[in-house]
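Please work through the exercises below with the sequence and the model open beside you. Each task is followed by a solution that goes step by step.

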Amino acid sequence: MRSGELTKVYEPNPLLEALYRRFFDRIHVDEAWARRVRELCAKGPVVYVLRSLNFIDFLALDYLTKRHGLPRIRFVNDLGLWILNPLGKGWLNAILPDSRVTPADELEDALSQGGSAALFLKRPPGVLDIAAGATGGRGLKEGDELVRALFEIQRKRDKPILLVPQVFVWSKFPDTRGTEPFDALLGPREWPSPARTVAQFFYNYKHVALKLGDPIDLKAFLAESAEQPDAVVVRRVTYAILRKLERERRGVTGPAEKAPERVRQEIVRSPRLRHVIDELADEHTDRYTLQARALEMLAELQATPGRTTIKLLEVVFDRLFQRIYAGVEYDPKDIERLREAAKQGTLVLLPSHKSHIDYLILSYIFNIENLPLPMIAAGDNLNFFPAGGILRRGGGFFIRRSFRGDRLYAAVVDAYVRRLIRDGYPIELFLEGGRSRTGKLMPPKFGLLNMVVDAALAVPDRPSWFVPVSIGYERVIEGASYERELQGGEKQKEDAKGLFKSRDVLRHRYGRINMQVGQALALPEIAAELELDLATLSPAKRRSLVTRIGNRVMDEINRVTAVTPGALTALVLLSHDQRGLSHSDLVTCSARFLDVVSRMGARTSPALTTPTGTLRPESLREAVQLFADADLLEIRYPDGPPNSEGGAGRAGPGAVYTVVESKRLMLDTTKNIIVHFFVERALVAISLLSLGNEDAPLDAVRERVRELSRLFKHEFRFRADAPFDQIFEQTLNTMEAVSEIARSTDRIAAGAGRDGWSGRDWLTHYAAILRNFLEGYRVAARSLKLLLERPQTEKEMSKKALGIGQHMFLDGEILRWEAVSKPILASAYNAFADQGYLVHREGKYHSSPALADEAAVAELEERLHGFLPPDKV
């Protein structure tokens with residue numbers, strides 16, 4: 001050191017430096033960490049404040065600050081290493097320290113030299129400390145004197161000293177209530193000894209994280225506390241920093257765990273559940289019997305996450321997803337938004353539901369990104385051996401599909417959900433109830449959401465964030481079973497036999513998974529929209545609050561759903577009536593549709609576009625190859641196979657693609673993930689083209705669009721944020737601005753067009769996207785003649801209508817095989833019931849007075865047939 005310098009930086013020898021690099025480079029550091037610290041250093045000296053004295057923490061922090069080019073650490077508390085102290089002044093000074101130099105002097109020198117400092121606030125209790133009465137869950141005072149020294153240093157300076165809370169999370173597993181056998185020797189997970197830290201690092205090296213809490217401007221803090229004595233201010237600063245550190249740590253580990261038996265006992269003793277038990281008790285069933293039954297229900301319901309199972313699932317999922325998927329796409333900015341929301345309150349994750357993989361994907365991403373794993377609400381149909389036990393140990397809790405009439409079970413589920421919310425666990429539930437077989441969102445079900453909202457309202461001091469999540473697939477692993485169900489087959493019950501059959505899944509590839517996170521919704525925000533007071537909600541107002549949340553979530557999922565190569569390719573392949581589509585036409589049409597959704601502000605998959613937002617043609621070739629390998633389409637080269645590697649069986653320029661008719665339903669599931677982006681324009685296009693003239697009266701087009709919107713009320717989610725006339729006008733303005741249509745005061749016609757298509761070309765392509773839905777409704781209309789004979793059960797009606805549809809397809813009356821689909825027929829019957837053509841009563845369809853004879857049936861079918869767009873696109 002130069003004369004007058006009291007501190008120096010730590011320079012490890014080459015062997016230690018290589019060792020540090022090998023291990024500390026694996027630590028997960030937030031992208032913004034270095035940038036944020038650098039910004040703070042520009043304002044004044046930085047003091048990194050850590051919680052528990054641990055030389056491993058210091059060595060890691062010292063290494064990372066050097067790696068990111070930040071001011072060097074020149075001071076740290078006494079690490080208890082004696083002559084091995086990294087910032088010591090040699091072995092002689094360690095044996096005979098200079099009593100004239102205090103730690104406070106060294107701290108001031110470090111900051112004066114332009115360096116930074118590391119300050120540990122607490123010391124982990126050792127065996128002797130615990131024997132003397134200290135607890136393993138609380139640290140011992142360590143840094144109070146140095147905090148006082150910082151006060152004096154700050155009072156001499158104009159620039160602020162920035163106290164920056166830092167925490168290394170060496171284990172992502174949650175803390176446990178009470179002590180474990182090795183805690184006395186190695187320290188608990190929240191106050192680990194160096195030995196435990198090293199062990200945690202090797203066990204959890206993929207997920208070790210460095211987190212930065214909100215900094216404290218010491219100059220401003222002292223100014224606000226000028227009237228208080230330093231002893232009080234030290235406690236305030238220490239408490240504020242410890243609270244920030246704990247919030248960051250819990251943002252990774254989640255809430256502390258208790259033994260499952262203890263949790264069940266505490267839930268049964270909760271006031272609301274006790275009240276229900278007391279009310280249900282009578283001379284036939286005493287209170288103790290009901291309590292025992294409630295405990296059995298909780299054991300059947302409860303998630304019991306296990307560290308070993310989660311670690312095993314991490315390995316299995318890594319290999320599984322790498323084998324059958326080309327990647328899992330998500331936006332890091334979405335993860336940071338979730339991380340910040342999780343620090344403030346409880347996350348209620350509300351993903352779309354298209355596959356059983358949905359149960360895994362959020363946990364998989366959260367595990368990678370060091371977020372607490374969610375507790376997942378699953379149907380009890382998945383609680384079979386061995387999957388049930390694995391899911392339960394991975395965070396799943398199982399709820400009966402229906403518990404109407406069982407008041408005790410409803411109260412038990414309610415109490416359990418309340419406990420999860422109160423403890424701060426992220427909760428994942430599927431608003432649609434079951435998996436969508438069509439790729440489109442299904443209407444929300446409000447039962448479990450109602451319980452979650454009630455639980456959130458009961459904990460007003462802890463915000464709950466309702467988070468819409470879109471999960472999209474280029475192919476779902478259940479594609480074959482969905483196709484069978486869509487054509488009238490019975491849903492297969494989940495069991496161990498089906499699980500082992502699913503090994504066939506491993507022989508195929510399923511493209512990419514894409515996850516998008518929408519805007520998180522808070523109860524006060526939704527209540528303000530409805531002008532509700534959360535403190536005085538009547539049952540009716542509470543229902544309106546839950547309904548608004550559910551519908552807002554579903555709309556937000558649609559809004560943030562990403563356009564993927566698979567979805568865009570499927571949409572183009574299914575929206576033309578040629579026998580084959582050339583590769584060049586696929587690319588051209590896809591680029592034009594991509595431009596449409598990009599103008600809407602839709603999100604796109606990173607694989608689909610270049611950094612500038614233009615189409616990446618190779619992504620379409622990959623998607624076509626994915627579908628061809630699954631035997632969904634055929635690849636032909638009319639001019640002879642290419643000379644390139646792969647030959648005639650590979651997609652690419654010069655190829656013509658033909659969709660296998662019997663597999664169109666499987667492609668339709670992929671197409672429907674993004675069909676909602678085109679519905680409004682398609683309805684305008686269908687209405688205008690169906691009028692047959694070069695131009696048409698604006699009022700006639702408007703009324704046709706209104707009629708189709710009512711017809712498809714159960715098919716698509718329409719905007720609820722504006723009246724029909726306003727949405728219609730906005731759609732016309734958008735289409736007119738890009739020359740797809742032209743209009744005068746009271747007339748509308750096809751526009752001049754753009755990008756190589758005429759206005760009529762654009763309208764024809766839009767209309768073709770919804771052709772299968774119109775044809776499906778036509779099939780449903782013809783099947784209404786069955787009701788003239790006698791009422792039909794839902795199952796009978798569906799089976800017979802599917803047969804009618806197959807005949808219509810084979811006879812050439814309809815063009816799209818995917819029109820003959822059970823869900824489309826069901827939506828059509830709901831629409832016909834709304835319009836008075838049939839009555840749905842006691843599980844059967846009945847004819848109505850409006851459906852008096854076959855002429856009425858023929859008239860309805862002809863009206864629908866009149867909407868159909870031209871046959872060729």
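The exercises that follow concern a predicted model, and they take up cysteines, a helix, a cavity and a sheet.

**Exercise 1. Cysteines**

Task: Decide how many disulfides the model has, and classify Cys41 and Cys589 as buried, partly exposed or exposed.

Solution: Begin with the sulfur atoms, where a pair has to lie within 2.5 Å to be counted; by this rule the count comes to 0 disulfides. Next, take the accessibility of each of the two residues and set it against the cut-offs, which are under 20% for buried and over 50% for exposed. Cys41 has a relative accessibility of 21% and therefore counts as partly exposed, whereas Cys589, with a relative accessible area of 8%, is buried.

**Exercise 2. Helix H20**

Task: Explain why helix H20 (residues 447-457) is described as largely enclosed by the rest of the structure, and find what covers its buried residues.

Solution: First count the buried positions, which number 8 of the 11 residues in H20, so that the helix is largely enclosed by the rest of the structure. Then list them along the chain: Leu449, Met451, Val452, Val453, Asp454, Ala455, Ala456 and Leu457 are the buried residues of H20. Finally, look for the elements in contact with these residues; the cover includes the strands S10 (346-351) and S14 (464-473), together with the helices H19 (407-423), H23 (523-529) and H24 (539-560).

**Exercise 3. The second largest cavity**

Task: Describe the volume and the lining of the second largest cavity.

Solution: The structure holds 5 cavities of 30 Å³ or more, and the second largest of them contains about 90 Å³ of space. Its lining is made up of 14 residues, and those nearest the centre of the cavity are Val476, Gly479, Met666, Leu667 and Thr670. When the lining is traced back to secondary structure, helix H21 (479-486) and helix H28 (664-671) each supply at least two residues, and H28 gives the most, with 5 residues. Sorted by class, the lining of this cavity has 8 nonpolar, 3 polar and 3 charged residues.

**Exercise 4. A sheet of three strands**

Task: Work out the strand order of the open sheet that contains S18, and identify its edge strands.

Solution: The order of the 3 strands is S17-S19-S18, with antiparallel pairing. Strand S17 (581-582) and strand S18 (633-636) are the edge strands, since each pairs on one side only. To check the pairing of S18 with strand S19 (residues 656-659), count the bridges between these antiparallel strands, of which there are 4; across this pair, Glu634 stands opposite Thr658 in S19.

Key. Residues are numbered from 1 along each chain as its sequence is written. This is a predicted model: local features need pLDDT of at least 70, side-chain atom pairs count only at pLDDT 80 or more; totals for chains, interfaces and linings use all residues. Side-chain values use heavy atoms; hydrogens and water are left out. Buried means under 20% relative accessible area, exposed over 50%, partly exposed in between (1.4 Å probe, protein chains only). On a 1 Å grid over the protein atoms alone, a cavity is a set of points where a 1.4 Å probe fits but cannot get out, and a pocket is an open set with protein on both sides within 12 Å along at least five of seven lines; lining residues have an atom within 4 Å of a point. Grid points are joined across faces, edges and corners, and a volume is the space filled by probe spheres set on the points. Ala, Val, Leu, Ile, Met, Phe, Trp, Tyr, Cys and Pro count as nonpolar, Asp, Glu, Lys and Arg as charged, and the others, Gly among them, as polar. Contact means heavy atoms within 4.5 Å. Two strands pair if DSSP finds at least two bridges between them.
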